[in-house]
Amino acid sequence: MTGASLGRRALAEAVGTAALVAIVVGSGIQATELSRDIGVQLLANSLATVFGLGVLITLLGPVSGAHFNPVVTLAAWFTGRRTDDEGLSGRDVAAYVPAQIAGAIAGAVLADAMFGKPLARWSTHDRSAGHLLLGETVATAGLVLLIFGLARAGRDRFTPMAVASYIGAAYWFTSSTSFANPAVTIGRAFTDTFAGIAPASVAPFTAAQAGGAVLGLVLVAAIFGRPAPAQPDTPTVHGESELAAPALP
């Protein structure tokens, strides 16, 4: 674990997730005000997310691991339990996940406030189609495979760049534009703007993300094999390389 207290780590998760959602929602609003071309709007939205996410992971990774995502937090906890690692505890998860959700909601409200939009208005953007749920499953599976695959391969130092790049690509190659994050999905329900999602679509999206996370962990095990249990003086997921399990939108 890092030297940061659980309170500081939870705060880092809340602030990081809030900033991430503010970037996603705010850049979406800005894009729609500057152009009517949907392709240009998505390009602006994805570029802002890529740059912002890379910065946030680099800045807050050494404090909390920069998960910003409940499925990554739960996956880190699960994989730590499976290998007797000294990673996340159940107490950590209980602090991280609510902090991520609260931060995501606050980020959406902040973005609306910055652009003079009505605060906390439910989104009317329906995203319940089956092909969108498939897109979310694929996006989340790929994210989990990337994060934990890098950790398993000892390439943690590439995580900020790799995760940001993957999310930017997944904006374009998945039908759902890659939310891949239950907290961000909940937060985006609170804004009736370009990046919003209707409340009725939240539960199906989060279910698809959970399924994608499981699939991602299965792929990690199949490709990289099962990790050996942590040795007494071996840095763990929250040891010397804290970026072993960060995440996204």
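**Exercise 1. Packing of helix H6**

Determine which helices the buried residues of H6 pack against in this predicted model.

*Solution.*
Step 1. List the buried residues of H6: Thr 159, Pro 160, Ala 162, Val 163, Ala 164, Tyr 166, Ile 167, Gly 168, Ala 170 and Tyr 171.
Step 2. Identify their partners. These buried residues pack against H1, H2 and H5.
Step 3. Recall the geometry of an α-helix. With 3.6 residues a turn, residues three or four places apart point the same way.
Step 4. Consider the length of the element. H6 contains 15 residues and reaches 20 Å from its first C-alpha to its last, close to the 21 Å expected at 1.5 Å a residue.

**Exercise 2. A residue of H6**

Decide whether Ser 165 is buried, partly exposed or exposed.

*Solution.*
Step 1. Locate the residue: Ser 165 belongs to helix H6.
Step 2. Apply the cut-offs. Buried means under 20% relative accessible area and exposed means over 50%, with partly exposed in between.
Step 3. Ser 165 has 41% relative accessibility and therefore counts as partly exposed.
Step 4. Relate sequence to space. Ser 165 and Gly 54 are 111 residues apart along the chain, and their C-alpha atoms are separated by 8.3 Å.

**Exercise 3. The loop between H6 and H7**

Describe the surroundings of Thr 174 in the loop between H6 and H7.

*Solution.*
Step 1. Classify Thr 174. Its relative accessibility is 7%, so Thr 174 counts as buried.
Step 2. Find its contacts. When neighbours within four places in sequence are left aside, Thr 174 is in contact with Gly 135 and Ala 139.
Step 3. Examine its side chain. A polar atom of the Thr 174 side chain lies 3.1 Å from the backbone nitrogen of Ser 178.
Step 4. Compare positions along the chain and in space. The C-alpha atoms of Thr 174 and His 131 are separated by 9.3 Å, while the two residues are 43 apart along the chain.

**Exercise 4. Positive phi angles**

State where Ala 66 and Thr 177 lie, and give the sign of phi for each.

*Solution.*
Step 1. Recall the general rule. Most residues other than glycine have a negative phi.
Step 2. Consider Ala 66, which lies in the loop between H2 and H3. Its phi is near 55°, a positive value. Ala 66 counts as buried because its relative accessibility is 0%.
Step 3. Consider Thr 177, which lies in the loop between H6 and H7. Its phi is near 60°, again a positive value. Thr 177 counts as buried because its relative accessibility is 17%.

**Exercise 5. The nonpolar core and the whole chain**

Identify the helix that supplies the largest share of the largest nonpolar core, and describe the chain as a whole.

*Solution.*
Step 1. Begin with the core, which has 53 residues; Leu 20, Leu 53, Phe 68, Leu 143, Phe 148, Val 163 and Tyr 166 touch the most other members.
Step 2. Find the contributors. Helices H1, H2, H3, H4, H5, H6, H7 and H8 each supply at least two residues of this core. The largest share, nine residues, comes from H5.
Step 3. Count the elements: the protein chain has eight helices and zero strands.
Step 4. Assess burial and exposure. Of the 249 residues in the protein chain, 53% are buried. The chain exposes about 10,500 Å², with carbon and sulfur atoms supplying 66% of this area.
Step 5. Consider the contacts between residues at least 6 apart in sequence: 82% of them join residues at least 24 apart.

Definitions and conventions: Residues numbered from 1 in each chain as written. Predicted model: local features only at pLDDT ≥ 70, side-chain atom pairs only at ≥ 80, totals over all residues. Heavy atoms only, no water. Helix = DSSP H or I, 4+ residues; strand = E, 2+ residues; numbered from the N terminus. Buried < 20%, exposed > 50% of the residue type's maximum accessible area, 1.4 Å probe, protein only. Contact = heavy atoms within 4.5 Å. Areas by Shrake-Rupley, 256 points an atom, 1.4 Å probe, with all protein chains shown as cover. Core = buried A, V, L, I, M, F, W, Y, C linked by side-chain atoms within 4.5 Å. Expected span 1.5 Å × (residues − 1). Polar contact = N/O pair within 3.5 Å; in protein donor to acceptor, adjacent residues only side chain to side chain.
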